[in-house]
Amino acid sequence: MAYNLKEIIATKPSRFTSGHRMCAGCGAPPVARMVMRALKPEDHAVVANATGCMEVSTFIYPYTAWTDSFIHTAFECAGATLAGVEAAYQSMKKQGKLQQEGETKFIAFGGDGGTYDIGLQSLSGAMERGHDMVYVCYDNGAYMNTGIQRSSATPKFADTTTSPAGSVIPGKMQSRKDLAKIMVGHHIPYVGQTLGYMNFADLYQKAEKAIYTKGPAFLNVMAPCPRGWGYPTEDLMKINKLAVDTCYWPLYEVIDGVYHISYKPAKKLPIEEFLRPQKRFRHMFKPGNEWMIEEFQKEVDNRWQELLDLEKITNE
Amino acid sequence: MGIRERLSGNEAVAVAMRQINPDVVAAFPITPSTEIPQYFSTFVANGQVDTEFVAVESEHSAMSACIGAEAAGSRAMTATSANGLSLMWEMIYIASSLRLPIILNLVNRAVSGPLNIHNDHSDAMGVRDAGWIMLFSENNQEAYDNTLMAHRIAEHPKVKLPLMVCQDGFITSHSIENIELLEDDKVKEFVGEYHPEHYLLNKKEPIAIGPLDLQAYLFEHKAQQAEAMNNAKEVIAEVAADFEKLTGRKYSFFEEYKLDDAEIAIVCMNSTAGTTKAVVDKLREQGVKAGLLKIRMFRPFPAEEVAKSLEHLKAVAVLDKSDSLNGMGGALFEDVTSGMYVSGKSVPTINYVYGIGGRDTKETDIEKVYTDLAEIAKSGKAENPYRYLGLRREGE
């Protein structure tokens with residue numbers, strides 16, 4: 001059945017309510033809303049959230065934006081916490097202690113801080129053990145909740161509060177970690193990389209697959225941050241589109257080890273198009289810093305080519 | 001009429017866990033508690049329990065998974081020691097604040113550093129203010145019995161707090177001693193079923209757990225934890241009374257050994273109590289009025305009852321198997337002396353830090369304490385109250 005956003009919104013009420021305290025123009029709430037919408041209406045979910053912007057803005061006692069069951073424990077352990085919930089489900093179901101209709105699904109949300117960095121071990125453990133759950137990383141490329149500090153997801157040269165663009169060191173000097181590939185290395189049945197694009201079709205469809213694939217699944221979702229990236233709040237979707245069209249954030253999925261690129265831009269835009277609207281890359285456009293843009297472009301090209309190669313190899 | 005067996009402390013706890021048949025066990029190996037998840041895995045592999053065993057990748061994840069499992073509505077248990085508990089520390093506080101009756105068997109070992117795998121109580125002392133009920137066990141029998149009583153206490157509606165059962169690493173955990181086990185069906189009946197009021201897996205009532213809890217509420221929530229800890233005292237006594245009816249084995253907040261008519265006494269926890277009892281018996285034969293107070297319930301701390309129990313003495317020595325490195329004495333010493341002071345009881349009291357990193361504590365060491373106490377009783381003065389027992393001095 002063809003994807004139809006209007007129909008989905010009409011037939012599936014949001015399970016992530018308005019009234020939360022996330023910033024205007026933040027990429028994360030649409031991610032949470034669309035992922036939760038991918039659940040079948042009759043199914044119940046338990047959501048685990050790592051500490052981060054999303055957690056502290058959606059569940060401030062005594063208010064919550066989550067209509068499904070929800071648990072937050074700490075920063076680095078959404079993976080392990082949800083693994084415990086899932087283990088309890090398996091155990092109680094097996095023993096006949098849960099008598100209810102429909103399925104219960106397990107979805108974790110963490111930012112790049114809680115996922116790429118402090119929570120990587122907990123995530124890796126949960127995926128390796130094969131829990132039937134989905135881990136969704138909303139990747140805004142820095143520790144935004146504490147005030148825009150660099151993470152291993154921060155792109156090279158980005159200006160953050162712990163990798164400031166100074167007169168000697170021009171921003172973050174290290175490349176971005178490729179978390180989706182690390183997850184592929186766990187040989188789990190489903191890994192998807194996506195973002196909110198073209199009426200959220202890619203995000204929704206990948207979320208649906210991730211949730212309804214038996215076993216562990218991982219979604220890496222780019223979620224821009226207007227405060228950390230420095231773009232006008234109304235430009236969220238424009239930034240997302242540029243990330244895809246420049247191949248900075250390729251959309252792809254890996255199903256049982258086989259790569260499928262979801263979208264190949266007919267005309268791959270130069271990386272400047274993605275960098276220029278963001279204040280965090282402003283210093284790269286100063287005279288004399290052309291090398292930084294060239295280097296950035298080279299890395300994007302290499303990673304895109306690598307992905308094309310992987311798709312070719314794994315489909316042979 | 002009970003089953004006579006010979007088991008190590010770790011085996012005893014694993015057997016208790018098998019009989020309890022928890023829904024989830026999440027654990028990571030660390031000496032000297034490793035055997036507990038090992039034995040338990042065998043029960044899982046052989047289908048003797050219904051448990052989902054989650055072989056996590058760290059102790060931090062072990063406690064996180066236990067929190068998730070318990071919040072989901074199931075019974076979760078784990079075991080650890082020393083650095084394992086240190087790594088859990090963050091989650092230990094979260095477990096109690098979420099009011100989840102998780103049961104943890106702590107096989108006491110020295111916390112690094114430097115690295116040492118042997119027994120002392122520095123691990124337990126690091127979480128003494130974390131909102132967990134803490135029961136200490138002299139031997140395998142007590143570790144087993146405390147574990148059987150754990151869920152009834154922790155899950156009580158007036159309590160709803162996590163609970164840890166402590167026993168001494170190697171000394172108790174690896175020593176095989178006689179033990180009397182209960183029959184499986186009797187344990188099942190005694191422990192009962194767990195039906196939490198609110199839980200994540202209840203589709204009919206979705207709940208949210210673990211909020212951002214700011215200035216307007218956190219204080220009240222912490223006060224509720226404190227109230228639950230106060231309530232635990234009464235529940236621990238009730239459960240012990242039921243357990244005594246079932247087994248004939250009597251448990252109180254503490255055990256008084258030849259304390260009624262004693263003039264001098266030692267206060268300690270776990271296996272050292274066994275050594276101390278032997279010394280008390282010997283001294284009694286020599287006409288020395290020595291006694292012992294062995295703390296079982298360390299959290300909540302029975303301050304008033306301890307003060308009352310010690311008030312008639314001429315001198316008291318509190319033995320701490322962990323140094324607080326604070327310039328004033330160990331944790332148990334602080335609790336005992338605070339309890340005495342607040343109750344208006346004045347007995348000369350000294351502190352011995354002993355057994356650090358598994359340093360053997362022999363009967364002769366304990367005898368030395370009673371010799372010191374006899375002198376203090378005579379002079380009425382407790383000078384230099386922060387002392388070491390069994391520490392080698394330069395040149396020794």
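**Exercise 1. The domains of chain B**

Into which domains is chain B divided? Describe how the domains of chain B touch each other in this predicted model.

*Solution.*
Step 1. Chain B is split into domain 1, residues 3-247, and domain 2, residues 254-389.
Step 2. The C-alpha centres of domain 1 and domain 2 of chain B are 28 Å apart.
Step 3. To the contact, domain 1 of chain B contributes 28 residues and domain 2 of chain B contributes 20 residues.
Step 4. On the domain 1 side, two or more residues come from each of helix H5 (122-125), strand E6 (133-136), strand E7 (163-168) and helix H8 (218-247) of chain B. H8(B) gives the most, with five residues.
Step 5. Sorted by class, this side of domain 1 holds 12 nonpolar, 11 polar and five charged residues.

**Exercise 2. The contact between the chains**

Determine which parts of chain B touch chain A, and what kinds of residue they bring.

*Solution.*
Step 1. Count the residues: 39 of chain B are in contact with 40 of chain A.
Step 2. Find the elements. Strand E2 (24-26), strand E3 (52-54), helix H3 (59-72), helix H4 (82-97) and strand E9 (208-209) of chain B each supply at least two residues to this side. With 10 residues, H3(B) gives the most.
Step 3. Classify the residues: the side of chain B that touches chain A has 23 nonpolar, nine polar and seven charged residues.

**Exercise 3. A sheet with strands from both chains**

Give the strand order of the nine-stranded sheet and explain why its edge strands each have one side without a neighbour.

*Solution.*
Step 1. The sheet is open, its pairing is mixed, and its order is E8(A)-E7(A)-E5(A)-E6(A)-E4(A)-E3(A)-E1(A)-E2(A)-E9(B).
Step 2. Strand E8 (258-261) of chain A and E9 of chain B stand at the edges with a single partner strand each, so one side of each has no neighbour in the sheet.
Step 3. Consider the pairing across the chains. Strand E2 (residues 69-72) of chain A pairs with E9(B) in the parallel sense over two bridges, and A:Phe70 has B:Ala208 as its bridge partner.
Step 4. Within chain A, strand E5 (residues 190-195) and strand E6 (residues 217-222) are also paired in the parallel sense, over six bridges. Here A:Gln193 stands opposite A:Asn220.
Step 5. Helix H2 (residues 28-37) of chain A lies across strand E3 (104-111), strand E4 (134-139) and E6 of chain A, at about 160° to E4(A).

**Exercise 4. The sheet of six strands**

Describe the six-stranded sheet of chain B and the helix that packs on it.

*Solution.*
Step 1. This open sheet, with mixed pairing, has the order E10-E12-E11-E14-E15-E16.
Step 2. Its edge strands are E10 (254-257) and E16 (386-389) of chain B, each pairing on one side only.
Step 3. On average, neighbouring strands are turned by 25° against each other, direction ignored.
Step 4. E11 (residues 264-269) and E12 (residues 290-295) of chain B pair in the parallel sense over six bridges, with B:Leu292 as the bridge partner of B:Ile266.
Step 5. Helix H9 (residues 272-285) of chain B packs on the sheet, touching E10, E11, E12 and E14 (315-320); its direction makes about 165° with that of E12(B).

**Exercise 5. The nonpolar core**

Locate the largest nonpolar core and explain why it lies between the domains of chain B.

*Solution.*
Step 1. This core has 228 residues; among those with the most contacts inside it are A:Val136 and B:Ala265.
Step 2. Helix H4 (residues 78-94) of chain A supplies its largest share, nine residues.
Step 3. Domain 1 and domain 2 of chain B both give residues to the core, so it lies between them.

Definitions and conventions:
Residues numbered from 1 in each chain as written. Chains lettered and ligands numbered in written order. Predicted model: local features only at pLDDT ≥ 70, side-chain atom pairs only at ≥ 80, totals over all residues. Contact = placed C-beta atoms within 7 Å. Helix = DSSP H or I, 4+ residues; strand = E, 2+ residues; numbered from the N terminus. Nonpolar A, V, L, I, M, F, W, Y, C, P; charged D, E, K, R; others polar. Pairing = 2+ DSSP bridges. Domains from an automatic or database assignment. Core = buried A, V, L, I, M, F, W, Y, C linked by C-beta atoms within 7 Å. Buried ≥ 20, exposed ≤ 12 C-beta atoms within 10 Å, placed from the backbone. Axes fitted to C-alpha atoms, helices over the stretch in contact; angles between N-to-C directions.
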